[in-house]
Each structure stands twice: as structure tokens, then as C-alpha cells.
Amino acid sequence: MQSTTIFKSATKISIIIVVMMVGLGAMQKKVSASSPINVPNLVAGITVHKSLSPEDVAYLENTLQLLHDQLPEWSQYVEEAKPFTLIVNTREGDQGREAIAICCDENGNGTITFGHHLGQSIDANTAEAQQVMFIGTLIHELTHVRDQREKRFTTKTNRKSCVAAEKSGLEQQLAVKRALTSVNMNDVFRQALEEQIVSEAHALNSRELWDFYCGAFEN
Ligand SMILES: [Zn+2]
């Protein structure tokens with residue numbers, strides 16, 4: 001008698017479990033049917049350091065989404081630079097640094113440290129100018145990560161090697177901004193974009209810029 005009872009309740013339990021699983025399956029189906037298929041997780045492969053605020057993370061996500069939707073080749077460029085870590089350290093900003101990149105740690109991870117919270121550069125005065133600048137800086141620093149991972153420009157020992165490394169970053173920074181001109185944006189965005197392109201294209205050929213980046217090297 002005893003054993004029959006146990007058997008019965010065990011059967012009951014397993015029936016309940018099966019029903020629950022079927023129920024869950026139906027729920028999952030419902031969820032995936034109502035959300036877009038193959039939504040990529042754009043932040044996957046990026047380690048977000050605790051120094052980033054929830055606003056920083058949202059800013060990063062929006063920017064990655066913009067690149068994904070509008071400039072897929074540059075979204076791919078970001079993908080290829082993964083894995084990397086993002087840090088915010090305002091002490092670097094206090095010393096005049098927009099951002100710094102280093103690659104790679106023992107896990108092959110690159111690290112980019114921003115000198116300010118994302119979208120809060122002291123060199124841009126509108127939200128649109130901030131957005132343009134952030135995209136440019138992100139691509140610039142990711143270029144350093146990619147270069148260093150591929151063992152390009154790893155020795156900044158004199159002015160020539162310093163210029164070569166920085167030029168690589170600055171050229172991609174300018175290239176992504178030129179690509180952004182094809183995106184349909186408001187006038188403030190377009191104006192900020194044009195201003196930054198003109199000044200950076202000029203700076204690339206100016207001695208002043210190279211003195212700023214590589215002035216520490218005598219020759
Ligand atoms: Zn650089």
C-alpha cells in the first residue's frame with residue numbers, strides 16, 4: 001500500500017514537471033516571437049569596469065547601436081577589437097588626456113581608459129559634438145588596441161615611431177567621422193561633424209599636433 005502511494009505521488013510530480021516544462025516552452029516561444037530575431041548583444045566582449053556609471057553604459061550601448069544600424073563596417077571594426085575593457089578615470093582627464101589604450105593583458109584583453117565619463121569631454125559643447133567626439137575617440141583607441149594586438153607600432157621609442165603609432169589612430173578617427181557624414185542626422189550633428197573633420201584633417205599635417213603627442217621624443 002505504502003509503496004503504491006509513493007509511486008502514485010511520484011507519477012503526479014513528474015506529470016506536474018512535464019506540464020511546467022511545456023508551459024515554459026510555450027512562454028519562451030511567445031517571447032521570441034514578439035522580439036526581433038538575431039538581436040546582437042553589442043556589449044558582449046566588452047568588460048565594463050565599475051568606474052562606469054549606468055549612464056556611461058547606456059551611452060556606450062546607444063553609440064554601439066548607432067554604429068551597428070548606420071555604419072555596419074565600423075561596427076565590425078569594433079567587434080574585431082574585442083575583447084577589451086572600458087575604464088573611466090577622471091585623473092587622466094585632469095592631466096589633459098581624452099583616453100589611453102593598452103593591449104594586451106595575459107588574457108589577450110585590451111584596455112581603454114577614458115579621462116571623463118562618456119559623452120562628457122571638455123572639448124565638445126553640445127550633445128551632438130560629444131557624440132561625434134566619442135565615436136572618434138573610441139575608434140582611435142580601438143585602433144591602438146588592434147595595432148598592439150597585431151604587434152604593430154609597439155615601440156614608441158623616438159619621434160618617428162611615436163608619430164607612426166599615433167597617425168594610425170588619428171587616421172581611423174578621421175575616417176569614421178568622414179563615414180558619419182553619410183548618416184542622416186540633424187543640423188547640429190552635421191555641423192559638429194564638419195568642424196571636427198576640418199580641424200582634425202588640418203591637425204594631422206600640423207607640427208603642433210605631433211609636438212603635442214610626440215614632443216617628449218627629441219628625434
Ligand atoms: Zn592615440
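# Reading a predicted fold, step by step

Analyst: Let's start with one residue in this predicted model. G119 is buried, because 20 other C-beta atoms lie within 10 Å, and a residue counts as buried at 20 or more.

User: Where does G119 sit, and which residues is G119 in contact with, leaving aside its neighbours within four places in sequence?

Analyst: You will find G119 in the loop between β4 and α5. Leaving aside neighbours within four places in sequence, G119 is in contact with Y59, Q130, Q131 and F134. The C-alpha atoms of G119 and M133 are separated by 8.0 Å, and these two residues are 14 apart along the chain.

User: Let me step back. How many helices and strands are there, and in what order do they run?

Analyst: The protein chain has eight helices and four strands. Reading from the N terminus, the order is α-β-α-α-β-α-β-β-α-α-α-α. Of the 219 residues, 24% are buried. Contacts add another view: among those between residues at least 6 apart in sequence, 68% join residues at least 24 apart.

User: How do I read the pairing of strands? In which sense, parallel or antiparallel, does β4 pair with β2, and in which with β3?

Analyst: Take the partners in turn. Strand β2 (residues 84-88) pairs with β4 in the parallel sense, over five bridges. Strand β3 pairs with β4 (residues 110-114) in the antiparallel sense, over four bridges. You can follow individual residues too: F84 stands opposite G110, A99 stands opposite F114, and I100 has T113 as its bridge partner.

User: Why is β4 described as largely enclosed by the rest of the structure?

Analyst: Because four of its five residues are buried.

User: And which way do the side chains of β3 point?

Analyst: Along β3 (residues 99-102) they alternate. A99 and A101 point to one face and are buried, whereas I100 and I102 point to the other face and are not buried.

User: Now a helix. How do I read α2, and which of its residues are buried?

Analyst: Begin with its length. α2 has 17 residues and reaches 24 Å from its first C-alpha to its last, close to the 24 Å expected at 1.5 Å a residue. Its buried residues are D56, L60, L64 and L67. Seen down the helix axis, these buried residues fall within an arc of 65°, so they line one face of α2. What covers them includes α3 and β2. On the face turned away from the buried side are the exposed residues P54, E55 and D69.

User: What is the general idea behind a nonpolar core, and which residues of the largest one touch the most other members?

Analyst: In soluble globular proteins, nonpolar side chains tend to be buried together. Here the largest nonpolar core has 29 residues, and V78, I112, V132, I135, I139, L142 and V145 touch the most other members. Elements that each supply at least two residues of this core include α2 (54-70), α3 (72-81), β2, β3, β4 and α5 (127-149). The largest share, nine residues, comes from α5.

User: Could we zoom in on V145? Which residues does V145 touch, not counting those up to four places away in sequence?

Analyst: On that count, V145 touches A81, F84, A101, C103, G110 and I112. Some of these names are familiar: F84 and G110 stand opposite each other in the pairing of β2 with β4, and A101 is on the buried face of β3.

Methods. Residues numbered from 1 in each chain as written. Predicted model: local features only at pLDDT ≥ 70, side-chain atom pairs only at ≥ 80, totals over all residues. Buried ≥ 20, exposed ≤ 12 C-beta atoms within 10 Å, placed from the backbone. Pairing = 2+ DSSP bridges. Core = buried A, V, L, I, M, F, W, Y, C linked by C-beta atoms within 7 Å. Contact = placed C-beta atoms within 7 Å. Expected span 1.5 Å × (residues − 1). Arc of directions from axis to C-beta.
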